[in-house]
Amino acid sequence: MPKPVQVKRLNSQDIGFIETLLSSLSLPMADDEAIDAAVVKILTAVKAKGDAAVLEFTKQFDRLNVAKVSELEITRPELERAYNELSAVQKNALDVAAQRVRAYHEKQKIEAGCHSWEYEEADGTRLGQKVTPLDRVGIYVPGGKAAYPSSVLMNAIPAKVAGVAEVIMVVPTPDGSRNPLVLAAAYLAGVDRVFTIGGAQAVAALAYGTETIPSVDKIVGPGNAYVAAAKRRVFGTVGIDMIAGPSEILVLCDGSSNPDWVAMDLFSQAEHDEQAQSILLCPDAKFIEQVQDSINRLLPEMPRAKVIEASLTNRALFIQVQDMKQACEIANAIAAEHLEICTVDPRQWADQIRHAGAIFMGNYTSESLGDYCAGPNHVLPTARTARFSSPLGVYDFIKRSSMIEVSEAGAQTLGAIASTLAHGEGLQAHARAAEMRLKK
Ligand SMILES: NC(=O)c1ccc[n+]([C@@H]2O[C@H](COP(=O)([O-])OP(=O)(O)OC[C@H]3O[C@@H](n4cnc5c(N)ncnc54)[C@H](O)[C@@H]3O)[C@@H](O)[C@H]2O)c1
Ligand SMILES: N[C@H](CO)Cc1c[nH]c[nH+]1
Ligand SMILES: [Zn+2]
């Protein structure tokens, strides 16, 4: 029986409220430093020793002891078998989720500027942008504390919609236990190769390559604090999508929702990780009290009560605000991964939100629908990075090249300008290259 949880309370009227809030949003510095130090050791070892280090860390952290990395690869026929062996209900759920995620990302490909374009000037000079998919990407699918077939779909489908030729998936399988839905999802999403490795060692293997695991051009996908720290460290050697760490939910309520629904939505992210963060912003003190009561009534029913209890005790916040307008301002400062607006007329408040990974509007839009099957991507920026980054999308799997074709007439006008500016910079070869093409 879990003990009652008392969620930490803040009031926007408290002296030093913003400072207290911001410090409650970040993980303790000491934790970050210890994790980063451990990750540096792992990255260095994998870079130097390749497969041997991957085997050693997989044994140490996932209790999976094999002689060769090739034994950690799951072949396409094995993935297909897992898909075929699913129950009809599971197969249908996975199929429908995959279709919806694909449809959303196909739409994104059209709407989000993921295509090449070109225009021609009056003198015949042509300028444009060529869009090319990445050749090979690595997708990290978390697997330490829970299995995430939905994350397989969310990572692999946009990559394939973008046209990535080769998708290499890594997923830890603690104690060697393989989740059939994860394998089936990899089959359905068209993943090319799967290795059962995780943590910083998987990120290192994808970034540097080993004897068995090919290096990739970019690594995407969420993970725990070790995975996030490793991605930050290998950025530059490979591209990364974002830092998507422990899950977060921010619920904005005007007091008109069902407190049990709100409590369960807070649990839904808390159950991911002891470091996940759930926050409620509400102007109604009575409603906050009701949610607190719902939490303690519902918690004992939850199979993952221990993780939820730790997450709520360590990281959850109930913030009483003056009014909904102030709630929106505070929500912008928090820049949460998931923002639920559980109010009457949620769109009036959504209009005031600038920073959030995903915005869920109305009492029927539980965040968990977005996690599985609404269609938009569930890999979202965490730890306030929604101030400057976006959900994982098709645009993460393409890159752009500028296209320039100057006509003979265009070379006369541009040549004169370039020559003047190049002389101004003291770069004579640049100037001469432009001048040589000028008609005498
Ligand atoms: N943002 C998103 O889209 C999204 C989606 C799903 C899950 N998540 C988050 O992903 C995370 C998944 O975490 P997880 O732990 O279940 O799986 P994970 O796969 O991210 O991490 C497991 C790995 O962590 C490494 N590890 C664990 N303890 C270690 C230690 N002491 N030293 C070095 N390495 C260690 C191990 O190598 C292990 O294989 C959760 O925080 C969850 O909230 C985020
Ligand atoms: N909420 C997670 C993203 O933070 C995604 C997920 C997958 N499965 C369940 N939830
Ligand atoms: Zn979730």
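How far apart do the C-alpha centres of domain 1 and domain 2 lie? Let's work through that and a few more exercises together. This is a predicted model, where local features need pLDDT of at least 70, side-chain atom pairs count only at pLDDT 80 or more, and totals for chains, interfaces and linings use all residues. Residues are numbered from 1 along each chain as its sequence is written, while chains are lettered from A and ligands numbered from 1 in the order in which they are written.

**Exercise 1. Set out the domains and describe how domain 1 meets domain 2.**

Step 1: The chain is split into domain 1 (8-25 + 246-374), domain 2 (32-114 + 133-243) and domain 3 (406-435); these bounds come from an automatic or database domain assignment.

Step 2: Between the C-alpha centres of domain 1 and domain 2 there are 30 Å.

Step 3: Eight residues of domain 1 are in contact with eight residues of domain 2, where contact requires C-beta atoms, placed from the backbone, within 7 Å.

Step 4: On the domain 1 side, the residues that touch domain 2 are four nonpolar, two polar and two charged. Here Ala, Val, Leu, Ile, Met, Phe, Trp, Tyr, Cys and Pro count as nonpolar, Asp, Glu, Lys and Arg as charged, and the others, Gly among them, as polar.

**Exercise 2. Describe the surroundings of the two ligands.**

Step 1: Ligand 1 is surrounded by 29 residues, and the closest are Gly144, Gly198, Gly199, Pro222 and Gly223. A residue is included if its C-beta atom, placed from the backbone, lies within 6 Å.

Step 2: Helices H3 (51-62), H8 (199-208) and H9 (225-234) each supply at least two residues of this shell. Helices are DSSP runs (H or I, at least four residues) numbered from the N terminus.

Step 3: Domain 1 and domain 2 each give at least three residues to the shell around ligand 1, which holds 15 nonpolar, eleven polar and three charged residues.

Step 4: Around ligand 2 are Tyr148, Ser150, Ser151, Ser247, Gln269, Glu337, Asp371 and His378. By class, that shell has one nonpolar, five polar and two charged residues.

Step 5: Ligand 2 lies between domain 1 and domain 2, because both give residues to its shell.

**Exercise 3. Work out how helix H6 packs against helix H7 and helix H5.**

Step 1: Two packed helices are described by the angle between their axes and the distance between the axes.

Step 2: The axes of H6 (residues 149-162) and H7 (residues 180-189) come within 9 Å and cross at roughly 15 degrees. Axes are lines fitted to C-alpha atoms, for helices over the stretch in contact, and angles run from 0 to 180 degrees between N-to-C directions.

Step 3: H6 is therefore roughly parallel to H7, a label for angles under 35 degrees.

Step 4: Pro149, Val152, Leu153, Ala156, Ile157 and Lys160 of H6 meet Leu181, Val182, Ala185, Ala186 and Ala189 of H7. This contact has ten nonpolar, no polar and one charged residues.

Step 5: H5 (residues 88-111) packs on H6 at an angle of about 40 degrees, with the axes 9 Å apart. The contact residues include Leu94 and Val101 of H5 and Leu153 and Ile157 of H6.

**Exercise 4. Which way do helix H16 and helix H17 run relative to each other?**

Step 1: The axes of H16 (residues 408-425) and H17 (residues 428-435) come within 8 Å and cross at roughly 165 degrees.

Step 2: The two helices are therefore roughly antiparallel, the word for angles over 145 degrees.

Step 3: Gly415, Ala418, Ser419, Ala422 and His423 of H16 touch His430, Ala431, Ala434 and Glu435 of H17.

Key:
Angles under 35 degrees count as roughly parallel, over 145 as roughly antiparallel, 65 to 115 as roughly perpendicular and the rest as oblique. Two residues are in contact if their C-beta atoms, placed from the backbone, lie within 7 Å.
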